[in-house]
Amino acid sequence: MRHLPAFAADTSDDVHIASFIVHVVPRHVMAVAARVAALPGAEVHAATPEGKVVVTLEAIGSGPILSTVATIQQFDGVINAALVYQCADSAESMNEELPDAHRPQGLS
């Protein structure tokens with residue numbers, strides 16, 4: 001697992017994953033996508049010329065997710081960041097290896 005941001009005040013060891021659509025003024029799409037991609041725990045998956053940027057955020061605890069979204073919303077050209085999906089689970093559970101769904105257990 002890569003290094004994920006965490007707040008000292010957040011005692012939860014839960015890993016949070018959230019995905020967002022960031023709506024951007026079209027002329028600012030590439031600059032916003034680059035700034036978002038540079039944030040800790042952020043990954044840009046797509047950007048459209050029309051002004052939509054698909055982002056996932058990963059962090060330990062909910063505080064860094066909220067802080068990162070607040071930061072993104074302040075970027076020049078950002079209109080809104082809309083939550084699409086959010087998941088939280090223990091780090092142990094997130095690192096658990098799951099069996100291949102296409103191969104029944106017990107077969108090599």
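The points below concern the fold, the nonpolar core and three individual sites of a predicted model.

1. Overall architecture. The protein chain holds three helices and four strands, and read from the N terminus these elements follow the order β-α-β-β-α-β-α. If one takes the contacts between residues at least 6 apart in sequence, 74% of them join residues at least 24 apart.

2. Burial and surface. The protein chain has 108 residues, of which 33% count as buried. The area that the chain exposes is about 6900 Å², and carbon and sulfur atoms supply 55% of that area.

3. The largest nonpolar core. In soluble globular proteins, nonpolar side chains tend to be buried together. Here the largest nonpolar core has 20 residues, and the members that touch the most others are F20, V22, V24, V36, V53, L57 and F75. At least two residues of this core come from each of β1 (14-24), α1 (29-37), β3 (52-60), α2 (63-73) and β4 (78-90).

4. V24 within that core. Leaving out residues up to four places away in sequence, V24 touches V29, V32, E50, G51, V53, G77, V78 and I79. Among these partners, V29 and V32 are also listed with the buried residues of α1, while V53 is, like V24 itself, one of the core members that touch the most others.

5. The buried face of α1. The buried residues of this helix are V29, V32, A33 and V36. Viewed down the axis of α1, they fall within an arc of 100 degrees, so they line one face of the helix. An α-helix has 3.6 residues a turn, so residues three or four places apart point the same way. The cover over the buried residues of α1 includes β1, β2 (42-47), β3, α2 and β4.

6. H28, ahead of the helix. H28 lies in the loop between β1 and α1. Its relative accessibility is 18%, and because the limit for a buried residue is under 20%, H28 counts as buried. Apart from residues up to four places away in sequence, H28 touches D76 and G77; G77 is also among the residues that V24 touches.

7. L83, on the exposed side. Is L83, a residue of strand β4, buried or exposed? With a relative accessible area of 53%, L83 is exposed, because the exposed class begins over 50%. L83 is nevertheless in contact with A18, S19 and F20, neighbours within four places in sequence being left aside. L83 and F20 are 63 residues apart in sequence, yet their C-alpha atoms are 4.6 Å apart in space.

Technical notes: Residues numbered from 1 in each chain as written. Predicted model: local features only at pLDDT ≥ 70, side-chain atom pairs only at ≥ 80, totals over all residues. Heavy atoms only, no water. Core = buried A, V, L, I, M, F, W, Y, C linked by side-chain atoms within 4.5 Å. Buried < 20%, exposed > 50% of the residue type's maximum accessible area, 1.4 Å probe, protein only. Contact = heavy atoms within 4.5 Å. Arc of directions from axis to C-beta. Areas by Shrake-Rupley, 256 points an atom, 1.4 Å probe, with all protein chains shown as cover.
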